[in-house]
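Hi everyone, thanks for coming. Have a look at the sequence and the model on the screen, and then I'll walk you through a few places in it.

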Amino acid sequence: MKLTITGTSGFTGQNLIHYLVDYDIYKQSIRYVPNQEIYLDNTESIIHLAGKAHDLKNVSQPQDYYEANFELTKQLYDAFLKSDARKFIYISSVKAVADSVNDVLTEEIKPAPQTHYGKSKLMAEEYIKSQPLPEGKSYYILRPCMIHGPGNKGNLNLLYKFVSKGIPYPLAAFENRRSFLNIENFCFVVKELLVQDIPSGVYNLADDESLSTNELVSLIASCLDLKPQLWTIPKGLIKGIAQLSDVLKLPLNLERLNKLTENYVVSNAKIKKALKKEFPVSAKQGLQKTILSFKE
Ligand SMILES: NC(=O)c1ccc[n+]([C@@H]2O[C@H](COP(=O)([O-])OP(=O)(O)OC[C@H]3O[C@@H](n4cnc5c(N)ncnc54)[C@H](OP(=O)(O)O)[C@@H]3O)[C@@H](O)[C@H]2O)c1
């Protein structure tokens, strides 16, 4: 029996197929096509990673998100229900619940996504939960926060480039706490869900500890044997510059500013309780590994 994984050409998929080396993996690259019927033959479990992620350049149409994240998931989940497969692991996102978090994000919080990305992910989650589940089948809706790992080209890489060039970090006035998810912890959870008998449901994914962006800058600097340069500039002035950057297409636009300075603490208590295991990598260890990979 095979393991079918969608979206394997992406960052998470590439890491996952290397982690699950002992499995017979069928890499399924699919796109939404109206009325298409998907067949899942001889598949034990499906890991659905394919989707349209947040678009920092703002070039996507709303429909792109609903088709890639909702309609396609619906078609694949329907195929799962009709097939012999036993487990369906859907990679949603914490953004299906909230764009900003004041306290700690748990699975109890009522979802109120604001973006098309979050809304389309939530629609997919709701569809999965609304379908009667035949005996012997399970579904897992995973809500990861920002995943990082070697080779990852995201905001972490951008921050690394600034710090490595000796550019001072000008946002030290923003005191925040953020959760991250190391790719190794992500892969660990997925594998445990494949091998253990865990109840169906929604599970947040995040490393154990949260960090402030100032701590992150200091960690990057220490990996580079540099002294961290943290500048405390008034928040209003920074926000004005970020607004201008939106017009001038500079790297620090408002969306990136928010990502770097917002609070976003995610609880992983539910998944850890279900797995009855500790995560293999601490938040700092994982971040160090990712940061050191940028050096290569
Ligand atoms: N990275 C994160 O921080 C993060 C956090 C929370 C949730 N997630 C979710 O985790 C999943 C994987 O994320 P990732 O970072 O690996 O994303 P990624 O690097 O953008 O990869 C996504 C993959 O999905 C497929 N794909 C691209 N456009 C598509 C479309 N329009 N319709 C259907 N499939 C499409 C492609 O794979 P193929 O070419 O192989 O089909 C692509 O490589 C996504 O669903 C994402 O929303 C990611």
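**Helix α6 and its surroundings**

Let's start with α6, where Thr213, Asn214, Leu216, Val217, Leu219, Ile220, Ala221 and Cys223 are buried. By buried I mean under 20% relative accessible area, while exposed is over 50% and partly exposed is in between, with a 1.4 Å probe and protein chains only. When I say helix, I mean a DSSP run of H or I with at least four residues, and a strand is a run of E with at least two, both numbered from the N terminus.

Before going further, some housekeeping: this is a predicted model, so local features need pLDDT of at least 70 and side-chain atom pairs count only at pLDDT 80 or more, while totals for chains, interfaces and linings use all residues. Residues are numbered from 1 along each chain as its sequence is written, and side-chain values use heavy atoms, with hydrogens and water left out.

Back to α6, residues 213–223: eight of its 11 residues are buried, so this helix is largely enclosed by the rest of the structure. What lies over those buried residues? The cover includes α4 (155–164), β7 (178–179), β10 (210–211), α8 (254–261) and α10 (283–295); contact here means heavy atoms within 4.5 Å.

Helix α4 has buried residues of its own, namely Asn155, Leu156, Asn157, Leu159, Tyr160 and Val163. Their cover includes β6 (147–148), α6, α8 and α10. After α4 comes Gly166, with a positive phi near 80 degrees.

**Arg177**

Now please find Arg177, in the loop between α4 and β7. Arg177 is partly exposed, at 35% relative accessible area. Its C-alpha atom is 5.2 Å from that of Leu211, although the two are 34 residues apart along the chain. Setting aside neighbours within four places in sequence, Arg177 is in contact with Ser210, Leu211, Ser212, Glu215, Glu262, Asn263, Tyr264 and Val265. Which of these is joined to Arg177 by a side-chain polar contact of 3.0 Å? That partner is Glu215. A polar contact is a pair of N or O atoms within 3.5 Å; within protein, one must be able to donate a hydrogen and the other to accept it, and residues adjacent in sequence count only if both atoms are side-chain atoms.

**Two positive phi angles**

Just after α6, in the loop between α6 and α7 (235–248), sits Asp225. Asp225 is not a glycine, yet its phi is positive, about 55 degrees. Asp225 is also exposed, with a relative accessible area of 70%.

Asn35 is another non-glycine residue with a positive phi, about 60 degrees. You'll find Asn35 in the loop between β2 (25–28) and β3 (43–48), and at 79% relative accessibility it counts as exposed.

**Cysteines**

How many disulfides does a search of the whole structure find? Zero, where a disulfide is a pair of cysteine sulfur atoms within 2.5 Å. Why is Cys187 not bonded to Cys145? The closest cysteine sulfur to that of Cys187 is in Cys145, and at 14 Å it is too far for a bond. Cys223 is in no disulfide either, and its nearest cysteine sulfur, that of Cys145, is 19 Å away. Both places are covered: Cys187 is buried at 2% relative accessibility, and Cys223 is buried at 11%.

**The ligand**

Finally, the ligand. Its shell holds 23 residues, and the closest are Ser9, Thr12, Ser29, Leu49 and Tyr117; a residue is near the ligand if one of its heavy atoms lies within 4 Å of it. The shell divides into 12 nonpolar, nine polar and two charged residues. In that count, Ala, Val, Leu, Ile, Met, Phe, Trp, Tyr, Cys and Pro are nonpolar, Asp, Glu, Lys and Arg are charged, and the others, Gly among them, are polar. Helices α1 (11–19), α2 (62–82) and α3 (116–130) each supply at least two shell residues.

Look at the ligand's oxygen atoms next. A polar side-chain atom of Tyr117 is 2.7 Å from one of the ligand's oxygen atoms, and a polar side-chain atom of Arg31 is 2.9 Å from a ligand oxygen. For Phe11, a backbone N or O atom lies 3.0 Å from a ligand oxygen. Taken alone, the ligand exposes 880 Å², and the protein buries 78% of that, with areas from the Shrake-Rupley method and a 1.4 Å probe; for residues, only the protein chains shown count as cover.
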